[in-house]
Amino acid sequence: MMHLPILPILLPFIGAVVLMFPFFNERTVAQRQIALITLLLTLVASGWLLHDSLLFGPLPYALGDWRPPFGILLLADPLAAMMLVLTSVLALGVSLYAAAGDDQAGRFFHPLFLFQLLGINGAFLTADVFNLFVFFEILLIASYSLLIHGGGRQRTQAALHYVLYNLIGSAFFLIALAILYRVFGTLNLPDMAAKVGSLPTDILPLARAGGLLLLVVFGIKAALLPMHFWLPNTYAATSVPVAALFAIMTKVGVYSMWRFHTAVFGDDAGELSLLGMNWLWPMAILTVVVGSVGILASKSLRWLAANLIAVSVGTLLLTVAMSDVKSTAAGIYYTLHSTLLSAALFLLAGLIQTQRGQAGDRFVRARPILQPRLLGILFAVIAMALVGLPPFSGFVGKVFIMQAAAENGYIWRVWPAILISGLVTLIALSRAGTTLFWRTQGLPSENDNKVAHPSQIVGISILALSAPLLVVFAGPLTEWSMLASEWLHQGVQLRDISVGNK
Amino acid sequence: MNLLWVPLLPLLGALVPLLTGKMSRNVCAWSTALLPAFALMIVISLIPGVMAQQLPSVHYEWVPVLGLSISFFMDGLGLLFCLLILGIGLLVILYARYYLSPTDNVGRFYSSLILFMSAMLGVVLSANLIQLWFFWELTSVSSFLLISFWSDKSDARKGARMALTVTGAGGLALLAGLLLIGQVVGTYDLQAVLASGDTLRDSALYPAIVILVLLGAFTKSAQFPFHFWLPHAMSAPTPVSAYLHSATMVKAGVFLLARFYPVLSHTELWFGIVSMVGLATLLVGAYSALFKHDLKGLLAYSTISHLGLITLLFGLDTDLAAIAAVFHIINHAVFKASLFMAAGIIDHESGSRDMRRLNGLFKYMPYTATLAMVAASSMAGVPLLNGFLSKEMLFTEALHQETLGSMSWLIPILVVIGGALAVAYSLRFIHDVFFNGEPINLPKTPHEPPRYMRVPVEILVLLCLLVGIFPQFIVGDLLLSVGHALMPNGVPYFSLSIWHGFNIPLLMSVIAVAGGMALYYQRRHLFAFQSQFAQVDAKRVFENAIQWLVIKAQLVHSWIDNGSFQRYAMWLVVAALFAMGVPLLNMPEAAGTLPQTQVDPVIVIGAGLIIIGSIATTLVSHRRLLSLVMISIVGLVVSIAFAWFSAPDLALTQLSVEVATIILFLLALYFLPQKIAHLHLSPPRVVRDLVIATLAGAFVGTLCYAMLTHPMTSISDFFVANSKTGGGGTNIVNVILVDFRGFDTFGEITVLGIAALGIYKLLAGIRLFVPATDSDGRPWASEKNPLMLAQISQSLLPLALLVSAYIFLRGHNLPGGGFIAGLITAIALIQQYIAHGVGWMRDRGDLNFQWFIGTGLLIACLSGVGSWVFERPFLTSWFDYFSLPGVGKFELASAMVFDLGVYLTVIGATLSILANLGKLTTSDRPVRSPVKGGRL
Amino acid sequence: MELIYAIAVGVMVTCSVFLLLRGHTFTIVLGLTLLSYAVNLFLFASGGLRLNSAAILNDGGTYADPLPQALVLTAIVIGFAMTAFALILAIRARADLGNDQVDGKAIPGDVLGDKTVSADKRANS
């Protein structure tokens, strides 16, 4: 199956394009079925890709059959494959949740959703700078359109900020990209990695400028301080499923940092090695701090969830800053955990919102939740996982990162950030939970249409189940993370890649 | 029998009550008790091995990367705690059966209780540091569920939250400590760690480790100053208190002290901290206990005080102190559990826990009263009871320590005072409740509890007596085996007997008892003295602290993020400035080695136009129409520049996009204010922005200059070389677009398609403001479609289509191609809209953009997938030359199919964007949906 | 000549950034458009500047670096899509929020000589 690496891009593309046709405009059920099938196929393809890449190492794919570095190269290494699987699982859960009715709040939800997926998957797979830019634009324009799904003043306002902000970012991306092309004379990442060590000294400042500018651009995606402002409002304002899907967006930024600042400007980049890490350190720590402040300041569950994402990204960026094999591995595992569970929290917040009448998901005394048992258990699991309390996945990631930090002698930079933000999260979520579920008055609202739709429950459960599963299978998962991280750090040599006959 | 089952059985048992919860309470209770009972039997069956120092253990790999494994082992310490946890646990299950009312959710209660039990077992049996922490946190979580059992009560919620926060914080400290230990020793295997005490004590991290581990232990076992959470955990049902605060939760803390005693103790630091904290807790607890009117409150503070006593013993630097500590762990567990249960019975049968109202209960419940009194005397340390023995040992050790150097004499005295206080509050418990006149308006007349509710108390009190009278026989061996765990290099000789002859410790006991009686007798004065001090409610203090934190956080947050895009954008640009500026500042010289080309007038004029145009655009940005004209000049010059620098394709594209963009802007301007005031320009802000903008320009310009003047080697030569031979086209740029890097174009048209969808959503059901007049107050022309324009454009259309077809076909070899052709077609069609109006167009078949885009994208995709048939990757191009009579030799390339996809997509997207927006200016605008703000 | 080119780009960036930092959506989009012109020139420059050299094969002589040209072309198209979206979003925002401030908070007396009426009313008249 030589075409496997491109399937995670093509499958969503085809699904989305098919759903674009007027034929589906009014056929809700058909839309959902096709979307679901597409997602399942994508999941299968991604899983297969992961299996193969773990077994045989990175799988290259030369588009147009042009040999790298001249053509565009896709590179499905274990890291990319893991991210693909993660994204497919997330998308599956979110899409099921949306299929309960949120997808009909406006038109073109499913095609846009799939386009978004296509953009994200492409960004994970491509090994070409400009192609990465293109996929960034795809996932951005899709996210713009999804962000306003459902309408309302709030969303329009949030979208205005988000769109304009990212447009500025795209401009910087192009500048950085131009510089890098000038410096390296290539757009191919492995090629860059090969050349970075032997660049003429007089051009190094240019390379630095390009690399740092890229750090800023990826920082926007990752919501790294001071480019984090867009995040909370966007996540809190948009519709629940979209917010949940966006949980992966910040990770795209981090992932790109891994691709460039860990792999290209890595240890053997000579003059340019660890480019920008001295900047990333303080900013990542500040991101955690500001995020924690936001967590404490949150007045509703969705704001809380949004700030939780900020904190998790900050934590993740700490692992990027440490930039050794074990830290990256820790980061990879932590990504799986934090993405799925923060998404789950968003979806759950959606249900709670609908079941508490006027109060919505705000932390005030209100009427009891319609299904306290079900939602309560879900909340407990998700919250414990996010706080990092055993027996759920959070603690593995936490221990992983702390160990990596200790082995690198970064205890004083990393541990306080993680432990304190953990405590803050514990305080905030325990207050949130006790308030939302126990601090009640009056009777639950009677109308039954507020009861959670089965597909919503299934959707959330798919995501929430990761909390125990990531622990039960922590053994293999951590092994794979290590493997993926090793591949990322050592990189691939173009001469070892036998693709592209032209 | 496998050790793994000991924690595992209760864990499974946690499910049982959930199943049987709906049945009668008897069934539920018995079914719940089943698995723990079985676990207890396993433990008992393992005793001989432990006694013989053949420690049973199990080990399974779990997460090798983290050194986390599933491994348990049982030494004397573990055995002792297993017996306490399971034994008292079973009694509590029996007791709770009668304590809980039918309205309570019995299933949930038992389930959390058993969960907690297995978590405790996990803690005491763990042979892996991380796993130990795993269960440690699990106890915090499950105790949260137990304390908050009556979740509708605010007290329960707050108390539970407080306990969770405090112990959770301690847990984090403990995690840090354990990971540090792992770093120092190089393994997380507990037995290995226990064997490497000197390594730990010598390492530089030792102080940090001790402090972090102790933080974990002290928060858990409610040591001063972290003791405040425990009394508020009393809002839990009494069985829970009886369990958590006698044998388990709080004992986990002291267990940790015992567990790491061999490797972390025997240093100034350890003895100093532990003894001081223990002493302080002992006194503070005992003193506060005296003034509590709530029965459980008194017991809670006495618990704190006794935990302090145990901690103190672990902090004394004598051989036997640790043994005494362990001994007191047993005794305290036994008598305190029975006391809590008794208190529960009293509460249950009299409806009150207030000692000011509970009086003379002896005549109502003589039997329970007797039991309670025995237990209380044991708490006071009366001879012939177990409490007495461990207290004697404490006094003895207190006399022989040099923990505080020359001030060590202080400890015995303070200890005696603590003892006296203990006697006093025990006396109060006995006298106030069972004698001291008549009960004062109790909700119900007190009476003896159901038979079986008393059984657990009886058993425990019996234990008090047995241990008190035959200590060596009952617990001697157990203590010895624990001693082996605590002191690997040999346990010193100790004798457990009631009578050690007339000695100072005995004297101290006498003083304590006498002093206690005196204190109680004179309690009025004490109460009067105490009443001068304001009562502080730890719960309120704690909640206020949290509230304060939240409010401060909100202040800081709103200070950082004021919701203004201008601030966001500013920070983004500033970040970029740093990214570009710092390297540039370290660059010796911008100019590179490349020879620079001659300046020619055209360039100067072009640059001049661009500069003037940009500045003008900025200056007149408040007069929008004008600024549009200005920026369009810039756009034009840019496209000319492209042409000038030998990039005809770019020039064409830029030009056509320029047209489309300007049409778009004009349409947009129709819906936006045409003129705005300069209100928003505050001088300081302008200066700030000018500085930022200038720097940005300077940096980018410098980078551009540096780029242009530094030599490069590029992969481009490959494209020049292979464009014709490999790509079958002479227009290299176009070949790159549709072949070498066709995948980029593939993505690019996808973006167009998505944009079309998004814009459709944006315009759906929009509530519009349209100007009645233009900005100068002139009404808009009523005549929509000027005839002249109509005629011309109509005749132009075929021409335009012809041109676009030509541009499309020649694209592969000459400037042009699908994209440009598409734009030309689109613009030509737009022109029809403008000229004839939407209605006219609709009558001639409204173009459905969904079809156009969808088909275009599909064609592009298929042209790529097609190559799979030939075992070639996506988008592999194929081309060949044919010759037909008449037509002559011509080329067919799969790239042209791809380009056709591009062509269609571009038409569809451009039309949908412009036409949909254009429609809004007419009566054909899509009707607004009922949803507020419109559905997108 | 390289210098002049760079200066022109620099000035464009300066002006566009200043526009970006304003408070009106239209102005910001204007700035973005200007910025994209500048960025396209910048990206184009990464291939070096070649006067009257060939872009098409077979007419001999030296060739301008075609790769940046292709990149710029893609960038232009994507930029067009983005600008369109931003502009129409600005209209939407004006419609939903009642003003064209980027933060949605109206500034009194900000808009000059612009009497708007509900679109539906005008359609009926």
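A salt bridge is taken here as a side-chain nitrogen of Lys or Arg within 4 Å of a carboxyl oxygen of Asp or Glu. By this rule, three salt bridges are counted between chain A and chain B in the predicted model. One pairs Arg741(B) with Asp128(A), whose closest N and O atoms lie 2.6 Å apart. Alongside the salt bridges, chain A and chain B share 24 residue pairs in polar contact, with both residues of each pair at pLDDT 80 or more. Helix 6 of chain A, spanning residues 153-184, supplies the largest share of the side that touches chain B, namely 13 residues. Sorted by class, that side of chain A holds 79 nonpolar, 27 polar and 19 charged residues.

The extent of this interface is worth a look as well. Chain A brings 125 residues to the contact and chain B brings 113 residues. Together the two chains bury about 10,600 Å², and carbon and sulfur atoms account for 76% of that area. Within chain A, the residues that lose the most area to chain B are Arg182(A), Phe229(A) and Trp438(A), which together make up 8% of what that side buries.

Chain B also meets chain C. Here the contact draws 124 residues from chain B and 97 residues from chain C, and the area buried between them is about 9,800 Å², with 76% of it on carbon and sulfur atoms. Two salt bridges are found across this interface. One of them joins Arg22(C) to Asp689(B), with 2.6 Å between the closest N and O atoms. Polar contacts between chain C and chain B number 14 residue pairs, again counting pairs with both residues at pLDDT 80 or more. On the chain C side, the elements giving two or more residues are helix 1 (2-20), helix 2 (25-45), helix 3 (66-97), strand 1 (111-112), strand 2 (116-118) and helix 4 (119-124). Helix 3 of chain C provides the largest share of that side, with 26 residues. The chain C residues that touch chain B divide into 62 nonpolar, 20 polar and 15 charged.

Attention now turns to the nonpolar cores. The largest of them has 603 residues, and those with the most contacts inside it are Phe115(A), Phe314(B), Leu486(B) and Phe743(B). Helix 3 of chain C gives the largest share of this core, 22 residues. Leu486(B) touches Phe314(B), and its other contacts beyond four places in sequence are Leu77(B), Ala258(B), Tyr261(B), Pro262(B), Ala322(B) and Val326(B). A second core, separate from the largest, consists of eight residues, among them Leu73(A), Ala127(A), Leu494(A) and Ile497(A).

Two individual residues round off the picture. Gln31(A) sits in helix 2 of chain A, which covers residues 28-56. With a relative accessible area of 11%, Gln31(A) is classed as buried, because that class takes in values under 20%. Beyond its neighbours within four places in sequence, Gln31(A) is in contact with Leu19(A), Phe24(A), Asn25(A), Gln104(A) and His110(A).

Pro36(B) belongs to helix 3 of chain B, residues 25-51. Pro36(B) is likewise buried, at a relative accessible area of 0%. Leaving out residues up to four places away in sequence, Pro36(B) touches Leu86(B), Leu90(B), Ile93(B), Ile114(B) and Met117(B). Between Pro36(B) and His557(B) the separation is 521 residues in sequence and 50 Å in space, C-alpha to C-alpha.

Note on methods:
Residues are numbered from 1 along each chain as its sequence is written. Chains are lettered from A and ligands numbered from 1 in the order in which they are written. This is a predicted model: local features need pLDDT of at least 70, side-chain atom pairs count only at pLDDT 80 or more; totals for chains, interfaces and linings use all residues. Side-chain values use heavy atoms; hydrogens and water are left out. Contact means heavy atoms within 4.5 Å. Buried area is the accessible area (1.4 Å probe) that two parts lose on being put together, summed over both. A polar contact is a pair of N or O atoms within 3.5 Å; within protein, one must be able to donate a hydrogen and the other to accept it, and residues adjacent in sequence count only if both atoms are side-chain atoms. Helices (H or I, at least four residues) and strands (E, at least two) are DSSP runs, numbered from the N terminus. Ala, Val, Leu, Ile, Met, Phe, Trp, Tyr, Cys and Pro count as nonpolar, Asp, Glu, Lys and Arg as charged, and the others, Gly among them, as polar. A nonpolar core is a set of buried Ala, Val, Leu, Ile, Met, Phe, Trp, Tyr and Cys residues joined through side-chain atoms within 4.5 Å. Buried means under 20% relative accessible area, exposed over 50%, partly exposed in between (1.4 Å probe, protein chains only).
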